[in-house]
Each structure stands twice: as structure tokens, then as C-alpha cells.
Amino acid sequence: MDGEELRKILCRLEAGMVLSVPDAWIERTIAGSRVTRARLVDDIARQYHCICHQDPGAQRFERLDFPATG
């Protein structure tokens, strides 16, 4: 239920890249209810500066530019 595989994938995305992940894959790799999975996926996406879009049968992750530090 920890989503390690999704973390590994999202950490490798470069700014501006988009990745579509089928819902079936997320259901197989992350245990729990649909609501629990959705919250975890959103948290993971946020940790890696991604926006998660809900598409029919898939979730699309879009990597944003890294925040500027100054």
C-alpha cells in the first residue's frame, strides 16, 4: 500500500513530461479502497511536483517545473 513503484516512476519524469498510468495497474500495485488509493496517488504526485488528471480508465501525471529557490 505504499506506492513505491509509482514513486520510482514519477521521480524520473523531467519537467514538462506527461505519463498515463492505467487504473488497473494502480489497483494491482496499491492496496486499499478506491478512496485510499486516490488520496495516496494524489499525495505521491504532489511530492514529485506532478499534477494528477483523472482520465477514463487511466490517470495522467504531468510533471511541473521545479519550484525556484532563491
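User: How many salt bridges does a search of the whole structure find?
Analyst: Three. Keep in mind that this is a predicted model. The pairs are Arg7 with Glu4, Arg46 with Asp43, and Asp55 with Arg60.

User: What makes Arg7 and Glu4 a salt bridge?
Analyst: The cut-off is 4 Å between a side-chain nitrogen of Lys or Arg and a carboxyl oxygen of Asp or Glu. For Arg7 and Glu4, the closest N and O atoms are 3.7 Å apart, so the pair falls within 4 Å and counts. As general background, side chains of opposite charge can pair when their charged atoms come close.

User: And what about Arg46 with Asp43, and Asp55 with Arg60: what are their N and O distances?
Analyst: Arg46 and Asp43 come to 2.7 Å, and Asp55 and Arg60 to 3.0 Å. Set against the 4 Å limit, both pairs therefore pass.

User: How far apart along the helix are Arg7 and Glu4?
Analyst: About one helical turn, because they sit three residues apart in helix 1. Arg46 and Asp43 repeat that pattern in helix 3: three residues apart, so again about one helical turn.

User: Is Arg7 called buried or exposed, and why?
Analyst: Buried: its relative accessible area is 17%, and the label applies under 20%. Its partner Glu4 has 38%, which lies between 20% and 50%, so Glu4 is partly exposed.

User: Why do Arg46 and Asp43 get the labels they do?
Analyst: Arg46 has a relative accessible area of 57%, which is over 50%, so it is exposed. Asp43 is at 37% and therefore partly exposed. In the remaining pair, Asp55 is at 28% and Arg60 at 26%, so each of them is partly exposed too.

User: How do you know that the buried residues of helix 1 sit on the same side of it, and which residues are they?
Analyst: They are Leu6, Arg7 and Leu10. They cover an arc of only 100 degrees around the axis, which means they are on the same side of helix 1. Their cover includes strand 1, helix 2, helix 3, strand 2 and strand 3.

User: What does Arg7 contact beyond its sequence neighbours?
Analyst: Setting aside residues within four places in sequence, the list is Asp2, Leu40, Ile44, Gln47 and Tyr48. Leu10, counted the same way, touches residues including Leu19, Ile44, Tyr48, Phe61 and Arg63.

User: Which residues touch the most other members of the largest nonpolar core?
Analyst: Leu6, Leu10, Ile26, Val41 and Phe61, out of 14 residues. Helix 1, helix 2, helix 3 and strand 2 each give two or more residues to this core, and helix 3 has the largest share, with four residues.

User: Why does Val41 count as buried?
Analyst: Its relative accessibility is 0%, and the limit is under 20%, so the label follows. Val41 lies in helix 3, and beyond its sequence neighbours it contacts Leu6, Ile26, Ile30, Cys52, Gln59 and Phe61. One of these, Cys52, is eleven residues away along the chain, with 8.0 Å between the C-alpha atoms.

User: Back to charges: how do you know that Arg63 has no salt bridge?
Analyst: The nearest side chain of opposite charge, Glu14, is 7.2 Å away. A salt bridge needs 4 Å or less, so Arg63 has none, although it is buried.

User: What does the side chain of Arg63 reach instead, then?
Analyst: The backbone oxygen of Leu10, at 2.9 Å. Arg63 itself is found in strand 3, and its contacts beyond sequence neighbours include Leu10, Cys11, Glu14, Tyr48 and His49.

User: What makes the phi of His49 worth a mention?
Analyst: It is near 55 degrees, a positive value in a residue other than glycine. In general, most residues other than glycine have a negative phi. His49 sits in the loop between helix 3 and strand 2, and at 30% relative accessible area it is partly exposed.

User: Last one: why is Leu64 labelled as it is?
Analyst: Its relative accessible area is 35%, between 20% and 50%, so Leu64 is partly exposed. Leu64 is found in the segment after strand 3 and contacts Ala15, His49 and Ile51, leaving aside neighbours within four places. From Thr36, 28 residues apart in sequence, Leu64 is 24 Å away, C-alpha to C-alpha.

Notes. Residues are numbered from 1 along each chain as its sequence is written. This is a predicted model: local features need pLDDT of at least 70, side-chain atom pairs count only at pLDDT 80 or more; totals for chains, interfaces and linings use all residues. Side-chain values use heavy atoms; hydrogens and water are left out. Buried means under 20% relative accessible area, exposed over 50%, partly exposed in between (1.4 Å probe, protein chains only). Lys and Arg count as positive and Asp and Glu as negative; His and the chain ends are not counted. A polar contact is a pair of N or O atoms within 3.5 Å; within protein, one must be able to donate a hydrogen and the other to accept it, and residues adjacent in sequence count only if both atoms are side-chain atoms. Contact means heavy atoms within 4.5 Å. The arc is that of the directions from the helix axis to the C-beta atoms. A nonpolar core is a set of buried Ala, Val, Leu, Ile, Met, Phe, Trp, Tyr and Cys residues joined through side-chain atoms within 4.5 Å.
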